[in-house]
Every structure is written in C-alpha cells, then in structure tokens.
Amino acid sequence: MTAEQFTCIRHLRTYASKANAKKAVEKAGFSDLPHVFALSDCGRVFPVFIGERCAQEGTHFNFPTIN
C-alpha cells in the first residue's frame with residue numbers, strides 16, 4: 001500500500017465552507033465526537049470522524065469515518 005492509497009478518503013458530501021460543514025456535523029448530533037475537517041481536490045470541505053466510538057455512534061452512515 002502506498003502513502004497515496006492510505007490517505008485517500010471517499011467523501012460522501014462536501015461543503016463550500018468549514019462553517020457549513022460544522023453546521024452539518026452539529027445538525028447530525030455528532031459535534032461532541034472527535035473529528036477533523038479536510039479539503040477535497042476541488043477545495044471543498046468535509047468532516048472526517050476518527051475512532052471506534054464514532055463508528056459505534058453511526059457517523060459512518062453520513063460522514064467519512066476512520067479507525
């Protein structure tokens with residue numbers, strides 16, 4: 001596995017700004033879970049949730065989630 005393959009994340013939905021992405025996370029009820037914001041190739045923002053707890057809470061149904 002190359003570094004490029006390892007860091008590639010499929011994003012389901014992107015947002016025009018970090019503020020919009022943050023609102024989407026809050027609306028989904030996941031703002032208290034560990035996450036970061038990443039940029040797509042087009043410069044759009046999407047949240048990435050980190051950890052097993054996030055997967056157990058169901059973030060992977062709406063947002064990219066990594067363990």
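**Figure 1. Overview of the protein chain, of whose 67 residues 27% count as buried.** The model shown here and in the following views is a predicted one. The protein chain holds 3 helices and 3 strands, and, read from the N terminus on, its elements follow the order α-α-β-β-α-β. Its accessible surface comes to about 4900 Å², and carbon and sulfur atoms account for 52% of that surface. Where contacts in the protein chain link residues at least 6 apart in sequence, 39% of them join residues at least 24 apart.

**Figure 2. The open sheet, formed by 3 strands in the order β1-β2-β3.** The pairing within this sheet is mixed. Strands β1 and β3 stand at the edges and have a single partner strand each, so that one side of each is left without a neighbour in the sheet. The mixed character can be followed strand by strand: β1 (residues 35–39) and β2 run antiparallel and are joined by 5 bridges, whereas β2 and β3 (residues 65–66) run parallel and are joined by 2 bridges.

**Figure 3. Close-up of the hairpin of β1 and β2, with 5 residues between the strands.** In this hairpin, G43 takes a positive phi near 90 degrees. Where the two strands pair, L39 has V45 in β2 as its bridge partner.

**Figure 4. Close-up of strand β2, which spans residues 45–50.** Of the 6 residues of this strand, 5 are buried, that is, under 20% relative accessible area, and β2 is therefore largely enclosed by the rest of the structure. In a regular strand, the side chains alternate between the two faces of the sheet. On the side of β2 that pairs with β3, I50 stands opposite I66.

**Figure 5. The β-α-β unit made by β2, helix α3 and β3.** Helix α3 covers residues 52–57, and the unit that it makes together with the two strands is right-handed. The strands of this unit, β2 and β3, run parallel.

**Figure 6. Close-up of S31, in the loop between α2 (18–28) and β1.** S31 has a relative accessible area of 44%, and because this value lies between the 20% limit for buried and the 50% limit for exposed residues, S31 is classed as partly exposed. When residues up to four places away in sequence are not counted, S31 touches V25 and E26. Although S31 and F49 are 18 residues apart in sequence, they are 10.0 Å apart in space, taken from C-alpha to C-alpha.

Definitions and conventions:
Residues are numbered from 1 along each chain as its sequence is written. This is a predicted model: local features need pLDDT of at least 70, side-chain atom pairs count only at pLDDT 80 or more; totals for chains, interfaces and linings use all residues. Side-chain values use heavy atoms; hydrogens and water are left out. Buried means under 20% relative accessible area, exposed over 50%, partly exposed in between (1.4 Å probe, protein chains only). Helices (H or I, at least four residues) and strands (E, at least two) are DSSP runs, numbered from the N terminus. Two strands pair if DSSP finds at least two bridges between them. A crossover is right-handed if, with the strands pointing away from the viewer, the path from the first strand over the helix to the second runs clockwise. Contact means heavy atoms within 4.5 Å. Accessible areas come from the Shrake-Rupley method with a 1.4 Å probe; for residues, only the protein chains shown count as cover.
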